[in-house]
Every structure is written in structure tokens, then in C-alpha cells.
Amino acid sequence: MSYDPDWAADLQRYAMRRPFLKEQSIWAVWLYRRGRRLDRRPAGPLRKLSLALYWLMFRLIETATGVSLPKSARIGPGLRIWHFGNIFLHADTVIGANCTLRQGVTIGNRHPDGPVPVIGDNVEFGAYAQVLGGVRIGDNARIGAMSVVLCDVPDGATAVGAPARVIGAPAGGARDAA
């Protein structure tokens, strides 16, 4: 296996010895990174077999942990999932580096074939936060627990509530996030 800097950054965010024995969420992160590496392999029978095994493992880990990280999503290095379970990402989601997800987070579209969120770097999601539609969540933003975000959140801002409102926005003023 070749060195994967994104996986190394993920492991560093877990900051513990033997995370595979202590954090089930890392199983899903590991499989996501593995799937991305498989997609970069040259076509052939070994890749085909590896992808078939990947999909079997994806379903098993998704069922066991309740974490769905499709390999087509683009997730930056340093992903950290706290308190695994009921975490679902749309296949076209884009997430920046060093983001944190907690249980119950959903990132997806609002309509079939609709646009999906683009998440910046260093974004933290509280438990059961939902970010839906073609919104942009800025770098260093925080999404509060049980918030439903339907509009953009600027860099460094915090969005809370259902529908979410931006509070603690950087200079430029707060605005509704829904």
C-alpha cells in the first residue's frame, strides 16, 4: 500500500493509539480513503475485483456504523467523526480539510438531482445538523446541533436553529442562513 497523506491526516485527528479498536467511525473513513485510491488504479481485473470487495465492505460498514461516506464525495484530509451513527453524505458533496462531523449529520440535496453543499476547511458540525441544497459553508464555520442550514454561511460564522440563523458572524454583519 502506498502512502496516503489524506489518510495520515485523518489518523492524526483521531490522536489515539489503535483507533480501529476504539472508534468505529474510523472504519468508514478508512474505507472512504481506500475507495478513492481504488478509483485511481488502472483498469483491469484486479481493480474490478477490488471494487467488488469495496462495495461489499461499504455496505457492511455503513450498516454497522451508520456512516455513509460515498467514495465519489470529495473530502479533504483530516476528517474527524465523533460519536458515529446516522451520518450521511450525498455522493457529490465537497468537504474541505480538517472538518468534524458528529452523530446524525446529513449533508445533501433538497430535491432529486439538485445541487449539494460545498463545505470549507475547519468546519465543525454539531449533532444532527443538516446542511441541504447548493449552499456554501465558509472556512472555520460552526454549524450548531440540530440546525437546518439552507443558505450560505460565511467564513468564521456560526449557524444555529431550524431554520438556521447566522450568529457571531465576522465583520460584515449577521444574516439569516435560511
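Which residue in β10 is the bridge partner of threonine 106? Keep that in mind as you go through these close-ups, which come from a predicted model.

**View 1. Five strands line up side by side in an open sheet.** Here's the answer to the opening puzzle: threonine 106 has glutamine 130 in β10 as its bridge partner. The two strands involved are β7 (residues 106–108) and β10 (residues 130–132), and three bridges hold this parallel pair. Zoom out a little and you'll see the whole order, β1-β4-β7-β10-β13, with parallel pairing. At the edges stand β1 (67–68) and β13, each with a single partner strand, so each has one side left without a neighbour in the sheet. As background, strands of a sheet pair through backbone hydrogen bonds, and they can do it parallel or antiparallel.

**View 2. Another open sheet is built from four strands.** The order this time is β2-β5-β8-β11, and the pairing is parallel. The edge spots go to β2 (74–75) and β11 (136–137); each has a single partner strand, so one side of each is left without a neighbour in the sheet. Now look at β2 and strand β5 (residues 94–95), which run parallel and are joined by two bridges. Want a residue to look for? Find arginine 74, whose bridge partner in β5 is valine 94.

**View 3. Helix α4 (residues 45–65) has a buried face.** Start with a quick check on the helix: 21 residues at 1.5 Å a residue should span 30 Å, and the end C-alpha atoms are indeed 30 Å apart, which agrees. Next, pick out the buried residues, namely Ser50, Leu51, Tyr54, Phe58, Ile61, Glu62 and Thr65. If you look down the axis of α4, these buried residues fall within an arc of 100 degrees, so they line one face of the helix. Their cover includes α3, β1 and β4 (87–89). Over on the other side of α4, Pro45, Lys48, Leu60, Thr63 and Ala64 are exposed. Just after the helix comes glycine 66, with a positive phi of about 70 degrees.

**View 4. Serine 25 is tucked away in helix α3.** You'll find serine 25 in α3, which covers residues 25–39. With a relative accessible area of 0%, serine 25 counts as buried. The side chain of serine 25 makes a polar contact of 2.8 Å with the side chain of tyrosine 14. What else does serine 25 touch, once you skip its neighbours within four places in sequence? Besides Tyr14, serine 25 is in contact with Arg80, Ile81 and Phe84.

**View 5. Cysteines 99 and 151 stay unbonded.** A disulfide is a covalent bond between the sulfur atoms of two cysteines. How many disulfides does the structure hold? The count is zero. Take cysteine 99: the closest cysteine sulfur belongs to cysteine 151 and is 20 Å away, so the gap is too far for a bond. Seen from the other end, cysteine 151 is in no disulfide either, with the sulfur of cysteine 99 as its nearest cysteine sulfur. Cysteine 99 is buried, at 1% relative accessibility, whereas cysteine 151 is partly exposed at 33%. To spot cysteine 151, head for the loop between β13 (148–149) and β14 (158–160). While you're there, find alanine 164: it is 13 residues from cysteine 151 in sequence, and the two C-alpha atoms are 8.5 Å apart in space.

How values were computed
Residues numbered from 1 in each chain as written. Predicted model: local features only at pLDDT ≥ 70, side-chain atom pairs only at ≥ 80, totals over all residues. Heavy atoms only, no water. Disulfide = S-S within 2.5 Å. Buried < 20%, exposed > 50% of the residue type's maximum accessible area, 1.4 Å probe, protein only. Polar contact = N/O pair within 3.5 Å; in protein donor to acceptor, adjacent residues only side chain to side chain. Contact = heavy atoms within 4.5 Å. Pairing = 2+ DSSP bridges. Expected span 1.5 Å × (residues − 1). Arc of directions from axis to C-beta.
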